[in-house]
Amino acid sequence: MAASPAASAVLEDKGPCSAGHHGSDMIRDVLSRVGDKWSLLIIGSLRDGPLRFTVLQRNIAGISHRMLTHTLRNLERDGLVSRTSYPEIPPRVEYEATELGRTLFEPVLGLVNWAADHHDDILASREAYDDRD
């Protein structure tokens, strides 16, 4: 039985969003990290400088202690956030965007601002869609 032309076709590279792009797996992996809601909010919160864990948690509505810890560790692992522990009593730990992490400020804040600017339009579209039936 011969394979269909579609099944045997080689994927064409049409840029970084296409399945045929050489680095598409890595791109998808990085976007899943920096594109999740908590990472975006953490990176945006660190724009003005280092913050303590409790300040981050207070500034990011709805994030649990466990999720903040998990997300910060992943961002640190990816080299986007650094963690500095100070030998004080009580212990003080601060998180700061690294040089690489700071390169995300513009696109992250652009996306956050876009979401804020278009929130009402999106809600109206959702309501119109839901009312179609």
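**A tour from the sheet to the core**

Begin with the strands of this predicted model: three of them form an open, antiparallel sheet, in the order β1-β3-β2. Colour β1 (51-52) and β2 (81-86) next, since these are the edge strands, each of them pairing on one side only. To look more closely at one of these pairings, select β1 together with β3, where two bridges join the antiparallel strands, and then show Leu51, whose bridge partner in β3 is Tyr95.

From the sheet, move to the nonpolar interior by selecting Ile42, Ile43, Leu56 and Leu72, the residues with the most contacts inside the largest nonpolar core, which has 22 residues. The elements that give two or more residues to this core are α3 (37-45), α4 (53-59), α5 (65-77), β3 (92-97) and α7 (105-130), and among these α3 gives the most, with four residues. In soluble globular proteins, nonpolar side chains tend to be buried together.

Now centre the view on Ile43 and display what surrounds it: leaving aside residues up to four places away in sequence, Ile43 touches Leu75, Leu80, Val81, Gly101, Leu104, Phe105 and Val108.

Finally, show α3 and α7 alone, and turn the view until both axes can be followed; they come within 9 Å and cross at roughly 115 degrees, and the crossing in which α3 passes α7 is left-handed. Where the two helices meet, select Leu40, Ile43 and Gly44 on the α3 side, and Phe105, Val108, Leu109 and Leu111 on the α7 side. Colouring this contact by residue type will show six nonpolar residues, one polar residue and no charged ones.

Key
Residues numbered from 1 in each chain as written. Predicted model: local features only at pLDDT ≥ 70, side-chain atom pairs only at ≥ 80, totals over all residues. Heavy atoms only, no water. Core = buried A, V, L, I, M, F, W, Y, C linked by side-chain atoms within 4.5 Å. Buried < 20%, exposed > 50% of the residue type's maximum accessible area, 1.4 Å probe, protein only. Contact = heavy atoms within 4.5 Å. Axes fitted to C-alpha atoms, helices over the stretch in contact; angles between N-to-C directions. Left-handed = near helix turned anticlockwise from the far one by under 90°. Nonpolar A, V, L, I, M, F, W, Y, C, P; charged D, E, K, R; others polar. Pairing = 2+ DSSP bridges.
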